Amino acid sequence: MLVQKPIADFAPVNARMLESVSAKVIMAALELKLFDRLAGRAVRLSELADEMGVMANRLEPVVDILVAVELLERAGEKYCNTPVASEFLLSEAPLYQGDAMAMTMRFVVSIEDSIVDLLSGGKVDHSKAGMGWAIAKNMDGTAQNAKVTGLLPVVGFIAALPGFDGFRTMCDIGGNHGMYTMAVLERNAAMRGTIYDLPPVIEQSKLRCEQMGFGSRVMTKGLDFRTEALSEGQFDLAFTSDLLYAFKSDLDEIMKKIAYGLKPGGWFVSHHACDRIGPGRELYKASLELVTRLAGYQSHFIEREELKEALGSAGFGEPLFHPVPGTVGLITAARKLG
């Protein structure tokens, strides 16, 4: 039979295939400084096209997509930025996210073009990934992402820990851009920090801290935490963000390494993804988990009970857990006993 009536509705699946272009439209708009050109004003399409040096009839569906994803508003014949675009997509905005978005897109493209091969056991070259974190634009991207995800709640949480005013030393394992270290030190003028990261990364970390005025208070050291350890009993605070998932298969050993570097009574604080925080964002969580597993890691999510068990075996007391609202992030804190 040539003509057959469908039972189910395939239209949403069909639409998904075409809607995937919207992410690349946003990146193209950033590259062309479209949001910057609309900063503080409403502009007709023809005027905007002339300023950008592009064809108006081809720009029109671009701005229509940006209206549909709520980054532009249309008022009569004119277009303007939404509050979201003004806060996060203007290149001079304090919370600009362009480099973070570009970094995510580069990583996702490297995975999504190889899904079938990776599902069948293909490998990702992690040595290239390690070198990638040392690239200034990537470090800018991770710093930008921190500003709108964990930085504010994490620093507030740490500053509220018992005895924080008496802290004098901290380390940030996998500290990369150094934003967490510098923000914590900003809350306690007597503290000094050490950022540990892979040797190719650490010079760029040092440069960032110096440029932001923390060169005299932050030390940077190359460390491969897979094979090396911290010096014994040095720190009042040890911190990690979005790192523990890389060691999920060996959390007990990693927690012991961290405990070894802490003073008695010192605190460990982690900011990482936790899948069981609550329902919602299921497509985001499944997508994050897919790219993580295809990249060769066990999972991006570490649940409370498995981390609690690893902390207990390493000599930490009862942990504190604090979900980060609006994200899949979980702040975990525990104090070294003894």
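**Close-up 1. Strands β2 and β3 of this predicted model run antiparallel, joined by four bridges.** Strand β3 covers residues 78-81. Within this pairing, Ala75 sits opposite Lys78 of β3. Zoom out a little and β1 comes in too: three strands make an open, antiparallel sheet in the order β1-β3-β2. Its edges are β1 (43-44) and β2 (72-75), each of which pairs on one side only. Helix α5 (residues 56-68) packs on this sheet and touches β2 and β3, with its direction at about 110° to that of β2.

**Close-up 2. Seven strands line up as an open sheet with mixed pairing.** Reading across, the order is β6-β5-β4-β7-β8-β10-β9. The edge strands, β6 (218-222) and β9 (320-323), each pair on one side only. From one strand to the next, the twist averages 15°. Look for β8 (residues 262-273) and β10 (residues 329-335), which pair in the antiparallel sense over seven bridges. In that pairing, Ala273 has Gly329 of β10 as its bridge partner.

**Close-up 3. Helices α12 and α14 both pack on the seven-stranded sheet.** Helix α12 (residues 179-187) touches β4 (169-173), β5 (192-197), β6, β7 (235-241) and β8. Its direction makes about 160° with that of β4. Helix α14 (residues 251-261) touches β4, β7 and β8, and its direction makes about 135° with that of β8.

**Close-up 4. Helices α10 and α13 cross at roughly 60°.** The axes of α10 (residues 136-148) and α13 (residues 199-211) come within 11 Å, and the crossing is right-handed. On the α10 side, the contact is made by Ala136, Met139, Asp140 and Ala143; α13 brings Val201, Gln204, Ser205 and Arg208. Sorted by class, that makes four nonpolar, two polar and two charged residues.

**Close-up 5. The largest nonpolar core has 30 residues.** Ile158, Leu161, Val184, Leu237 and Val269 are the ones that touch the most other members. Elements giving two or more residues to the core are α10, α11 (151-159), α12, α13, β7, β8 and β10. Helix α12 supplies the largest share, with six residues. Nonpolar side chains tend to be buried together in soluble globular proteins.

**Close-up 6. Val184 and its contacts from further along the sequence.** Setting aside neighbours within four places in sequence, Val184 is in contact with Val155, Ile158, Phe164, Met170, Met191 and Leu237. Ile158 and Leu237 also appear with Val184 among the core residues that touch the most other members.

Note on methods
Residues are numbered from 1 along each chain as its sequence is written. This is a predicted model: local features need pLDDT of at least 70, side-chain atom pairs count only at pLDDT 80 or more; totals for chains, interfaces and linings use all residues. Side-chain values use heavy atoms; hydrogens and water are left out. Two strands pair if DSSP finds at least two bridges between them. Axes are lines fitted to C-alpha atoms, for helices over the stretch in contact, and angles run from 0 to 180 degrees between N-to-C directions. Contact means heavy atoms within 4.5 Å. A crossing is left-handed if the near helix is turned anticlockwise from the far one by less than a right angle, and right-handed if clockwise. Ala, Val, Leu, Ile, Met, Phe, Trp, Tyr, Cys and Pro count as nonpolar, Asp, Glu, Lys and Arg as charged, and the others, Gly among them, as polar. A nonpolar core is a set of buried Ala, Val, Leu, Ile, Met, Phe, Trp, Tyr and Cys residues joined through side-chain atoms within 4.5 Å. Buried means under 20% relative accessible area, exposed over 50%, partly exposed in between (1.4 Å probe, protein chains only).
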